[in-house]
Amino acid sequence: MSFLLLIAASCGGPQTLRTVFKDQTPYEAYVSKLKDAKLDQTALGQDWLRAGEKALQDSITVTLPFKETGYFSADKPKALGYKIDAKRGERIVVNLEVKARQAMQVFMDMFEGTATPKHVAYSDTVVNTLVYEVENDSQHILRVQPELLRSGQYTVTIKSEPTLGFPVAGKTSRNIASIWGDPRDNGARSHEGVDVFAKRGTPVVAASPGIITRVNTTPRGGKVVWLADYDRRQNLYYAHLDSQAVTAGQRVEKGDTLGFVGNTGNARGTNPHLHFGIYRYGQGPTNPYPYLHENKTSAPPVQVDASKIGNWVRVSARAANVRQQPSTKSKVYKQLPQHTPLFVTAAYASWFRVELPNGTEAYIASSLVETAAKPIKYEKLAAQADLLDEASIKAPAKDSLGAGSKVAVLGGFNGYTFVKSETGERGWVRKESLL
């Protein structure tokens with residue numbers, strides 16, 4: 001019985017399905033199916049589980065918006081890990097497109113934190129979309145992993161968007177002039193909000209649906225309105241209004257007019273503007289900017305030779321830097337000498353995401369590599385040698401090559417040579433094995 005049939009057989013009836021999926025994410029339910037079929041005890045099943053864990057430990061840091069195209073191979077279980085610097089108030093939106101000959105289930109899960117990742121969201125595996133409102137400023141990890149024994153090309157797009165509507169009609173976050181934390185009263189206090197400058201009388205609108213809890217006048221805020229955003233357990237504060245257009249207890253919808261821009265209270269003498277603040281229940285003020293900022297930039301399109309994805313390339317330059325992110329401004333992870341073989345796993349803009357011979361992943365500019373098809377030279381083996389799956393003494397042998405065997409040299413890395421045997425099999429041999 002095949003692996004896929006075993007998985008299907010492990011949850012054959014409606015009762016079993018209800019048990020498997022009860023209080024479980026789609027990923028956890030799939031793991032339960034693997035265990036029920038005892039596939040977690042097989043080499044392939046263990047590789048799949050390890051790939052999921054590795055994605056959380058060795059995730060690639062990305063800057064949003066981000067778009068990457070890659071390939072999942074059926075014979076090599078793999079999971080993708082994307083580390084995102086997320087801010088409270090943002091909404092992270094992930095879309096996944098899959099092109100495959102057979103239907104392929106792909107699991108997308110979001111985790112908060114990196115030391116001990118906490119699962120916070122997952123996708124509907126039918127539509128392959130994940131939407132998550134960030135609750136805490138911290139790094140988050142997105143894990144993307146297909147089911148076993150399925151191949152296909154994927155394109156993952158990750159972007160952020162504001163969770164609130166902009167509070168001044170006709171304006172955007174570009175019109176914010178005074179930001180969170182700016183000093184006030186000669187440094188005696190900090191600015192607990194953002195200021196949006198606009199003409200006097202410009203409508204001030206509800207940034208979310210909710211209930212108006214207070215409409216009054218204070219010495220500092222002047223004419224103010226408080227809106228309770230119950231869905232997010234926070235209060236929205238509108239200050240320095242020229243006039244108010246709502247009453248306490250009134251229910252409003254997003255976009256409804258609450259008042260009009262002015263400069264009342266301690267803003268008298270300044271240009272008209274709205275002071276907008278957010279106060280979380282039981283936690284006090286928080287920075288409104290991520291709640292309001294709309295990133296208008298788009299993820300750059302993939303501009304590389306897509307045929308190299310899922311294939312071996314090698315460094316063509318005399319030396320090349322591989323980086324932690326697809327940008328020349330990113331930190332250099334390692335400098336590689338010419339002819340270092342790299343396996344292309346994905347592409348972003350003009351960069352390749354590659355797996356180094358030591359198993360780690362990084363990014364390299366596509367202009368610095370060439371296909372690893374044409375031999376650099378031909379050599380013979382001095383003695384019998386194993387053709388290894390990886391550039392490691394612990395790697396399993398794919399084949400055994402006899403003394404005197406002729407091999408095509410395709411590259412090298414850390415005392416190992418990447419070769420193609422006379423039968424066309426590619427792999428690694430120890431450098432001293434060659435004449």
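Here are some questions and answers on charged and aromatic side chains in this structure, which is a predicted model.

Reader: Let's start with the charges. How many salt bridges does the structure hold?
Author: Side chains of opposite charge can pair when their charged atoms come close. The cut-off here is a Lys or Arg side-chain nitrogen within 4 Å of an Asp or Glu carboxyl oxygen. Counted that way, the salt bridges in the structure come to 16.

Reader: Take R353 and E68. How many residues apart are they?
Author: Their side chains meet in a salt bridge, with N to O at 3.0 Å. R353 sits in strand β26 (residues 351-355) and E68 in strand β2 (residues 66-72), so the pair links distant parts of the chain. The separation is 285 residues.

Reader: And is E68 buried or exposed?
Author: Buried means under 20% relative accessible area. Its partner R353 has 2% and counts as buried. E68 has 0%, so the word for E68 is buried.

Reader: What about E379 and K377: which of the two is partly exposed?
Author: These two side chains also meet in a salt bridge, 2.8 Å from N to O. E379, at 15% relative accessibility, falls under the 20% limit and therefore counts as buried. The residue with a relative accessible area of 43%, and so partly exposed, is K377.

Reader: Where does the partner of K398 sit?
Author: K398 forms a salt bridge with E425, and the closest N and O atoms are 3.3 Å apart. K398 itself is in strand β31 (residues 397-401), 27 residues from E425. Both ends are partly exposed, K398 with a relative accessible area of 37% and E425 with 33%. As for E425, its place is the loop between β33 (416-420) and β34 (426-430).

Reader: Which residues are linked in a network of salt bridges?
Author: This one involves both charges, with Arg counting as positive and Asp and Glu as negative. The negative members are E133, E161 and D229, and they are linked with R91 and R232. So the full network is R91, E133, E161, D229 and R232.

Reader: On to the rings. What kind of aromatic pair do Y30 and F107 form?
Author: A search of the whole structure finds 16 aromatic pairs. In this one, the centres are 5.1 Å apart and the planes are at 45°. Planes under 30 degrees apart would count as stacked and over 60 as edge-to-face, so this pair is tilted.

Reader: Where in the chain is F107?
Author: Y30 lies in helix α3 (residues 26-36), and F107 is 77 residues away from Y30. Y30 is buried at 2% relative accessibility, and F107 is buried with a relative accessible area of 2%. The place of F107 is strand β5 (residues 106-112).

Reader: Which charged residue lies over the face of Y27?
Author: Y27 is part of one aromatic cluster with Y30, W48 and F107. Over the face of Y27, at 3.8 Å from the ring centre, lies R143.

Reader: R323 is buried yet has no salt bridge. Why none?
Author: R323 sits in strand β23 (residues 319-323). A salt bridge needs the nitrogen within 4 Å of a carboxyl oxygen. R323 has no such partner, because its nearest side chain of opposite charge, E68, is away by 15 Å.

Reader: Then which backbone oxygen does the R323 side chain reach?
Author: Beyond its neighbours within four places in sequence, R323 is in contact with residues including T328, W351 and Y363. S330 is on that list too. At 2.8 Å, the side chain of R323 reaches the backbone oxygen of S330.

Conventions:
Residues are numbered from 1 along each chain as its sequence is written. This is a predicted model: local features need pLDDT of at least 70, side-chain atom pairs count only at pLDDT 80 or more; totals for chains, interfaces and linings use all residues. Side-chain values use heavy atoms; hydrogens and water are left out. Helices (H or I, at least four residues) and strands (E, at least two) are DSSP runs, numbered from the N terminus. Buried means under 20% relative accessible area, exposed over 50%, partly exposed in between (1.4 Å probe, protein chains only). Rings of Phe, Tyr and Trp (its six-membered ring) pair if their centres lie within 6.5 Å; planes under 30 degrees apart count as stacked, over 60 as edge-to-face and the rest as tilted. A charge sits over a ring if NZ of Lys or CZ of Arg is within 6 Å of the ring centre and within 35 degrees of the ring normal. A polar contact is a pair of N or O atoms within 3.5 Å; within protein, one must be able to donate a hydrogen and the other to accept it, and residues adjacent in sequence count only if both atoms are side-chain atoms. Contact means heavy atoms within 4.5 Å.
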